[in-house]
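Visitor: I'd like a close look at one helix pair and what it does around the bound molecule.

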Amino acid sequence: MNFDIVIIGAGPGGIFAAYELVKLKPELKIAVFEAGHSLDKRRCPIDGDKIKSCIGCKSCSIMSGFGGAGAFSDGKYNITNDFGGTLYEYIGKKHALELMHYVDEINMRFGGEGCKLYSTAGTRFKTLCIQNDLHLLDASVRHLGTDINYVVLENIYAQLKEKVTFFFDTPVETIKLIPGGYEIRVKDGAYSCEKCIVSVGRSGSKWMEKICKELSIPTESNRVDLGVRVELPATVFAHLTDELYESKIVYRTEKYGDKVRTFCMNPKGAVVNENTNGIITVNGHSYEDPDMQTENTNFALLVSLHFSEPFKDSNGYGESIARLSNMLGGGVIVQRFGDLIRGRRSTVGRMEGAFITPTLQATPGDLSLVLPKRILDGIIEMIYALDKVAPGTANEDTLLYGVEVKFYNMEVEVNKQLESCYHGLYIIGDGSGITHSLSHASASGVHVARSIVE
Ligand SMILES: Cc1cc2nc3c(=O)[nH]c(=O)nc-3n(C[C@H](O)[C@H](O)[C@H](O)COP(=O)(O)OP(=O)(O)OC[C@H]3O[C@@H](n4cnc5c(N)ncnc54)[C@H](O)[C@@H]3O)c2cc1C
C-alpha cells in the first residue's frame, strides 16, 4: 500500500480527521488529496473593480482548496445539536457536543484565542422572541471571523504538512475496491491505501453521487433550503448581534404553516457570491478586525423543501430556481423590500436613491419572478415578524439578494463510525449529507479518526 489512510478533501472534515490521526498515531502514512489549491494560492478574482462578479473559475477558491468551503467563511463555529447537522443521531448528543468543544479548543490553540464565545443561555431575547411568535434556538457560537479563521488554518497546515502528504489541485476521479483496501485514481496515476476517508463537502456533491452509484452505496435524498439574503443597517440588529452574535430564529408562517428561519448572520459583514457547480448564489461573511467591517448586517431567510415522491431531486429543484435568477440577472439579483411589496422591480435608479450601500454588486431586479409564491410569501411574513423584535427590518430600503440556496448532499448510509457498507471506507462532513456546518464537519473528522485508531 502507498498509504495507510487516504483522505479525500481538505475541508474542516478532512483537516480534523488528519489532525487527530497524526496526534493519536504519528507513525501512520497519511495522504490528503484536494481538488483545489493550497491555502496561500486560494484567491477569488472578484476585486469589485476590474472583476465585479463571478467568472466561474475552474476551481472556485471560495469553495475549494485547503480549508474547504470554510476557508473564507465567517468562521462561526456553532456548538449545538439544534442546527448545523444531525451528527448526534449517529454518535449521541453528549459526544457530539464534546467533540465540538474539542474542535473549539484546537482552534483556540492554533490562533483563535481571544475570539469571543457568544451564548443564548439566559438571554432576554428568548422571551422577546416567543412573545412575537418567533423561536430563538439554543447555541454557543465562537466567531473567529474570516481573518482569524485564515490564521488558524495557516497554523494547522504548518503543523500537518510535516506528517501528512498533501496533493493539491488533484481531484480524485474514482475510488476502486482492491484486496485489503482501496485504489484512489487521479488524472496522472493511482495510489493505494488501506482505509479511505471521503470528505468532499458541498462542492463534491455530484462526484459523491457518482461514487455512491458506482459502488452501490445506499443514499437518501436530502432537503434543499431556498430563500434570500437580507442586508440592512447594522444598527437594526445590533441589540441582538452584540449579545448573541448570531441568532437562529424560526417562525411558522400563518398562511401555509411553513417554517422560515434566519441563517448565517453576519454583523457588520459583507454579502458575497457563491459558485456551486457553476451556479451563482449568494452568501455572507464578516471580519473580526473592526477595520474590515462594514456598516451593514446580513443574514439569510430560508425555507426548507424536501421532495420525495414522485420527484426526489430536492437539489435539482434548488438548482433550477438559482439558474432562473442567473438567467434573469446574469448572477445574483438584488431588490429593495419596498419595491418587492409594491410589486415592482428594483432599478439602478431606485437602488441609488436608497439609504443603504449594498456590499455586493448585484443586478437590481424582481425576486417575485424567481422565487415560488409560497416561499416568497413566507419570507415577507417573516420580515414583518422580525420587524417586531428588530424594528427597521421591514424598512423600504432593506435589501434582499436572491437567491440563497443551501444545497444538502444526499445522505449516505453509514454506521455509528460513519463507515459505509465497505469496511474502511468512511464518508464524513457535508459530503455525507449528515453535517452542514464547520463545527459538525470538523467533529465528524475527529470522530472517524478516533474510530480508526481504536
Ligand atoms: C461563504 C461561506 C460561508 C460559510 N460560513 C459558515 C459559517 O460561518 N459557519 C459554519 O458553520 N459554516 C459555514 N459555511 C459552511 C461550511 O463552510 C461547511 O459546512 C464546511 O466547510 C463543511 O466542511 P467539509 O469538510 O465537510 O467540506 P468542505 O469544506 O466543502 O471541503 C470539501 C473539500 O473537498 C474538496 N473536494 C471535492 N471533491 C473532491 C474530489 N473529487 N477530490 C479531491 N477533493 C475534492 C473540495 O475542493 C473542498 O476543499 C460557509 C460556507 C460558505 C461557502
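Is the crossing of H1 and H12 left-handed or right-handed?

Guide: Right-handed is how H1 and H12 cross (the near helix is turned clockwise from the far one by less than a right angle; anticlockwise would be left-handed). Bear in mind that this is a predicted model, where local features need pLDDT of at least 70 and side-chain atom pairs pLDDT 80 or more, while totals for chains, interfaces and linings use all residues. Residues are numbered from 1 along each chain as its sequence is written.

H1 covers 12-24 and H12 covers 438-453 (helices are DSSP runs of H or I, at least four residues, numbered from the N terminus). They pack at about 35°, their axes 7 Å apart (lines fitted to C-alpha atoms over the stretch in contact, with N-to-C angles from 0 to 180 degrees). On the H1 side, Pro12, Gly13, Gly14, Ile15, Phe16, Ala17, Glu20, Leu21 and Leu24 make the contact (C-beta atoms, placed from the backbone, within 7 Å). H12 answers with residues including Leu438, Ala441, Ser442, Ser444, Gly445, Val446, Val448, Ala449, Arg450, Ile452 and Val453. That contact has 13 nonpolar, 5 polar and 2 charged residues (Ala, Val, Leu, Ile, Met, Phe, Trp, Tyr, Cys and Pro are nonpolar, Asp, Glu, Lys and Arg charged, the others, Gly among them, polar).

Now the ligand: H1 and H12 are among the elements that each supply at least two residues of its shell. In total, 46 residues surround the ligand (C-beta within 6 Å, again placed from the backbone). Gly9, Gly11, Gly68, Gly201 and Gly429 come closest. By class, the shell has 16 nonpolar, 24 polar and 6 charged residues.

Notes. Two residues are in contact if their C-beta atoms, placed from the backbone, lie within 7 Å.
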